[in-house]
Amino acid sequence: MKRTITILLLTGGALLLTGLALAFLVAPTAVGQKGVEIFSQKIFYFHVPVSETSLLAFILGAVFGVLFLVKKSPKYDFLSLAAVEVGFVFGLLVEWTGIIWTRAEWGVWWTWEPRLTSFFILMLMYAGYFVLRSSINEESARARFSAVYSIVAAVNAPLTFFAIRLIPSVHPVVFDSSGAHMEPSMLAAFLVSMFGMLIFSTALILIRYQLQTAREELDYLKNEL
């Protein structure tokens, strides 16, 4: 697995750097309604991929949660935890980059529009996930309750994605049923960044899974001594 993780890290990192280069050197700067170039739009090539990856990681955590409840194997609890942890860290990056963009575009640090509000609620729910795990000492109960919680919390992930498509909002919608509303060079930069983020996040989930597995084995050996 070490070799696989290394390949994923290098591939994901290379794609992310390529995506940034395409975003700043090739993709044109978006033009606003008043004909003024919006340079802050460049954050889109990082903000959206990290946002979509965060939501997918939360859903992946729920999938591993289901597998744990079905198969009762600790490895699925570790994988679910790893996916949720990576999703949460990426979610913090979403909040950080989103606030920067909101300030630059809307002139405010925060507004209670559907996407920002639903993502904020999503992050609060996953903060509760970590509180739950830390409050239960018995391993099997902790894994079982965490699996159920991860499944329930993940319901909010698609709701967050579709929030601005179902409720009128000032948040821009780049992708809809008619396709991507951007030039080919902008779409290429976005897709490269998106694939890079997905591959990089997969490597991080596997790294966290390995660390959790090693930690459990160490605790087992300590108890045997």
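Reader: Which residues touch the most other members in the largest nonpolar core?
Author: This is a predicted model, and its largest nonpolar core has 31 residues. H2, H3, H4, H5 and helix H7 (184–224) each put in at least two of them. The members that touch the most others are Phe58, Phe119, Leu122 and Tyr126.

Reader: And which helix gives the largest share of this core?
Author: Several helices chip in, with H2, H3, H4, H5 and H7 each supplying at least two residues. The largest share is 11 residues, and the helix they come from is H3.

Reader: Let's zoom in on Phe119. Which residues is Phe119 in contact with, leaving aside neighbours within four places in sequence?
Author: Phe119 is one of the residues touching the most other core members. Beyond its sequence neighbours, Phe119 is in contact with Ser51, Ser54, Leu55, Gly91, Val94, Glu95 and Thr160.

Reader: How many residues are in the second, separate core?
Author: Phe44, Tyr45, Val48 and Phe190 are among the members of this other core. It is separate from the largest one, and its residue count is 10.

Reader: On to the rings. How far apart are the centres of Phe64 and Tyr76, and what is the angle between their planes?
Author: Across the model, the count comes to 12 aromatic pairs. Phe64 and Tyr76 make one that is stacked. The pair links distant parts of the chain, with Phe64 in helix H2 (residues 44–71) and Tyr76 in helix H3 (residues 74–106), and both residues are buried. The values are 6.5 Å centre to centre and 25° between the planes.

Reader: What about Trp112 and Phe120: is that pair stacked or edge-to-face?
Author: Trp112 counts as exposed because its relative accessibility is 61%, over the 50% cut-off. Phe120, at 32%, counts as partly exposed. Their ring centres lie 5.9 Å apart with 75° between the planes, so with over 60 degrees as the cut-off the pair is edge-to-face.

Reader: Which residues form one aromatic cluster, and which ring does the charged end of Arg144 sit over?
Author: The cluster is made up of Phe88, Tyr129, Phe130 and Tyr149. As for Arg144, its charged end is 5.7 Å from the centre of the ring in question, which belongs to Phe145.

Reader: What should helix H5 span, going by its residues?
Author: Helix H5 (residues 139–154) has 16 residues. The expected span is 1.5 Å times one less than that number. The end C-alpha atoms are 22 Å apart, which agrees with the expected 22 Å.

Reader: Which residues of H5 are buried, and what covers them?
Author: The buried ones are Ala141, Arg142, Ala143, Ser146, Ala147, Ser150, Ala153 and Ala154. Their cover includes H2, H3, helix H4 (114–135) and helix H6 (156–166).

Reader: Is Asn156 buried or exposed?
Author: Asn156 is in helix H6. Not counting residues up to four places away in sequence, Asn156 touches Ser118, Ile121, Leu122 and Met125. Its relative accessible area is 12%, and since the cut-off is under 20%, Asn156 is buried.

Reader: Stepping back, what pattern does the chain follow along the sequence?
Author: The chain has 7 helices and 4 strands. Its C-alpha atoms fill a box of roughly 70 × 40 × 30 Å along the principal axes. Read along the sequence, the pattern is α-β-β-α-α-α-α-α-β-β-α.

How values were computed
Residues numbered from 1 in each chain as written. Predicted model: local features only at pLDDT ≥ 70, side-chain atom pairs only at ≥ 80, totals over all residues. Heavy atoms only, no water. Phe/Tyr/Trp six-rings, centres within 6.5 Å; stacked < 30°, edge-to-face > 60°. Buried < 20%, exposed > 50% of the residue type's maximum accessible area, 1.4 Å probe, protein only. Lys NZ or Arg CZ within 6 Å of the ring centre and 35° of its normal. Contact = heavy atoms within 4.5 Å. Core = buried A, V, L, I, M, F, W, Y, C linked by side-chain atoms within 4.5 Å.
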